[in-house]
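Biologist: Could you pick one chain of this model and take me through it up close? I'd like the overall picture, then how it sits with its partner, then a few residues worth zooming in on.

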Protein chains: 2
Amino acid sequence: MMELEVKSGKGNYSIYIGKKEYSLLPDYLEKAHIHTDSPIVLVADKNVLGLSYPQQILSILEHAGYKAYIIDVEPGDESKSLATCESIYYRLLDLGIHRTGVIIAVGGGVIGDLAGFIAATFERGIRFIQAPTTLLAHDSSIGGKVGINLARGKNLVGAFYPPNFVLYDVTVLGSLPEREWRNGMAEVIKHGLIGNKNLLARLYEHPLTSFPGAADAEQLLAAGMKVKVDIVEEDELESGIRMALNLGHTIGHAVEQLSHYAIHHGEAVAIGICAEAQISVARGYLTREEALYIKELFQKHGLPTEVPDLPIEDVFAKIEVDKKHRGSGWTFALPSMTERAKIVHDVTRGEVRAACELS
Amino acid sequence: MMELEVKSGKGNYSIYIGKKEYSLLPDYLEKAHIHTDSPIVLVADKNVLGLSYPQQILSILEHAGYKAYIIDVEPGDESKSLATCESIYYRLLDLGIHRTGVIIAVGGGVIGDLAGFIAATFERGIRFIQAPTTLLAHDSSIGGKVGINLARGKNLVGAFYPPNFVLYDVTVLGSLPEREWRNGMAEVIKHGLIGNKNLLARLYEHPLTSFPGAADAEQLLAAGMKVKVDIVEEDELESGIRMALNLGHTIGHAVEQLSHYAIHHGEAVAIGICAEAQISVARGYLTREEALYIKELFQKHGLPTEVPDLPIEDVFAKIEVDKKHRGSGWTFALPSMTERAKIVHDVTRGEVRAACELS
């Protein structure tokens, strides 16, 4: 078992990573001063609810004396909507949940973002635990960003609302479909690029295209999460270096949305980083060889690296509505091999067009 | 001009109260590090927009070099809804507002709550200024509580999101309709009960049933706001003594909603405090004379003090859905003349029924 501590302006919290974390949940709850008089609501999507562990968590909680409930959500990014929020608020009220209640998000990034936003806003904020069940969610489950989408763009409504703790039982990763595993590796590679070039070198030599067993998964997760923890501690509210974590996400979000989510999040990030690496090359932040190395890293993990054929004006429109711009140009976190990322605020349409064509 | 400083876990902020505060707005913005590259959006309801000062504020901002916009909202509590939020998010996007934007809530409590919730959640939080224009809003504009209603109950969705500063230009109070002035006095009296018994004694001797002129209004506001500031500094997230501020609000909210807002907020608070004083009398927290003194204070200010004829089961249902309960009984802040309020968690249906009949 590993424990990482995250310092946050709204209270520090722990990340527990290990093989038996679900059975340890009652201990972690006690440590977080959540006692059996606090009702607990697991929020999960219907796919996850078809697997065994939500019921397992429920039994563990009930056995420890907690009242526990499940709220189910349709799978997919479409559930990150105001309409879903409204229905969940009502279901919480139906269950008699009030301020003493606790929400546990059991699932991937979508559930973490949605359930976290509910926790941040229901009765002005209730306690909240992240229990990520995908590799991808090792990114979204820390740092306190929660939110939902509007039809106009992703994550346009949200809050900074750190969880009370994060509980990562790596055994669940063993049952992930391979495509989901690979999607998660895209964020691991992103974290390597930002803060752990040794991890990158290891992954280049020995790509991890599927679950490597619990012990290795624990190490991998801890390495990826450590990069993120260091950055969010430095810049919790994303006024500076935290923008490095947006590496690949500016073009990536556009591609993801324009594909109507046929391209999954990690795949879109891989495509985004490779395209943004072309901007770095053009600006002299990366050599051609470095950009190729990055591209090969993703390819070795079975991830796409080329921007699909999309009307470039649609890409511009999505970037424009995205919140990452300031002043005259667009704000981008561009890949670098010498620093965490190059944060720039003056990327032009011409540069994006050229990068999308080249990638 | 008076300035109160509020200490907050999310950053301290100032309350400016005076006769020329609108013209000083550019100075206060600079002091809060909000420079002319930050676009500013005034959110106000259509009634307020029919008056002169929103345009006046707009001109002052433009004259100082800021880009400033207005978003109008339908008047009334019905605007504190998810649907209104959604439309405002889109209007912000249409105006090209992103994270650097600033919202100024120009109006009463409804606008402060709604615009504050938008500021708390748009792109995970943008800067926010409260510019209250009613006497009633001297209560809601400080302390950082923002939120909206669900059909099932008031303020069920929200956040703790303190403003960057509060700007109170008392000259606007001169044009308030008398009923609105009296509604505001209900919260002033509530604050007196909680933390300034001298203020109560003065109001008992010299009731203020209409605007007393800018200088006296400034003093009155400062006295009322000081009580609130002291309490929210002590307990920002409402885990303890801040509940004292709910004095009269438990029964009051029920009455307000069941009247379909024909009974205004301050009137409902007056009714609620008088009913809750009966519970205090029954429990020995207040003498009959003290309860009468409180009732007379409200009567001298032209405020209602008796619970209207409502099905008591409907009152119970509203209290039940309200978030102020914990454990077996209901949580109430009950009036006291010897401490700020008696916070109790075991009020029964029988006590509420008797209090409503007696009041």
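Modeller: Here's a look at chain A, then its relation to chain B, then some single residues. This is a predicted model, so local features need pLDDT of at least 70 and side-chain atom pairs count only at pLDDT 80 or more, while totals for chains, interfaces and linings use all residues. Residues are numbered from 1 along each chain as its sequence is written, chains are lettered from A and ligands numbered from 1 in the order in which they are written, and side-chain values use heavy atoms, leaving out hydrogens and water.

Starting with the fold, chain A carries 14 helices and eleven strands (DSSP runs numbered from the N terminus: H or I for at least four residues, E for at least two). Its radius of gyration is 20 Å, close to the 21 Å from the globule rule for 359 residues, so chain A is as compact as a globular protein of that length (C-alpha atoms are used, and the rule is 2.2 Å times the number of residues to the power 0.38). Along the principal axes, the C-alpha atoms of chain A fill a box of roughly 60 × 40 × 35 Å. Of the 359 residues in chain A, 60% count as buried (under 20% relative accessible area; exposed is over 50%, partly exposed in between, with a 1.4 Å probe and protein chains only). Among contacts in chain A with a separation of 6 or more, 75% come from residues 24 or more positions apart (contact means heavy atoms within 4.5 Å).

Now the partner. A turn of 180° with a shift of 0.0 Å along the axis lays chain A on chain B with an RMSD of 0.0 Å (least squares on C-alpha atoms of residues with pLDDT of at least 70 in both). The two copies are thus related as by a two-fold rotation axis. Since 100% of the interface residues of chain A are also interface residues in chain B, the copies meet through the same surface.

Zooming in on the backbone, Arg124(A) has a phi near 65°, a positive value in a residue other than glycine. Arg124(A) sits in the loop between α5 (109–121) and β6 (127–132) of chain A, and at 8% relative accessibility it counts as buried. Glu238(A) isn't a glycine, yet its phi is positive at about 60°. You'll find Glu238(A) in the loop between α9 (214–234) and α10 (249–258) of chain A, buried at 6% relative accessibility.

Over in chain B, Gln257(B) belongs to helix α10 (residues 249–258) and is buried, with a relative accessible area of 12%. Leaving aside neighbours within four places in sequence, Gln257(B) is in contact with Gly153(B), Lys154(B) and Lys318(B).
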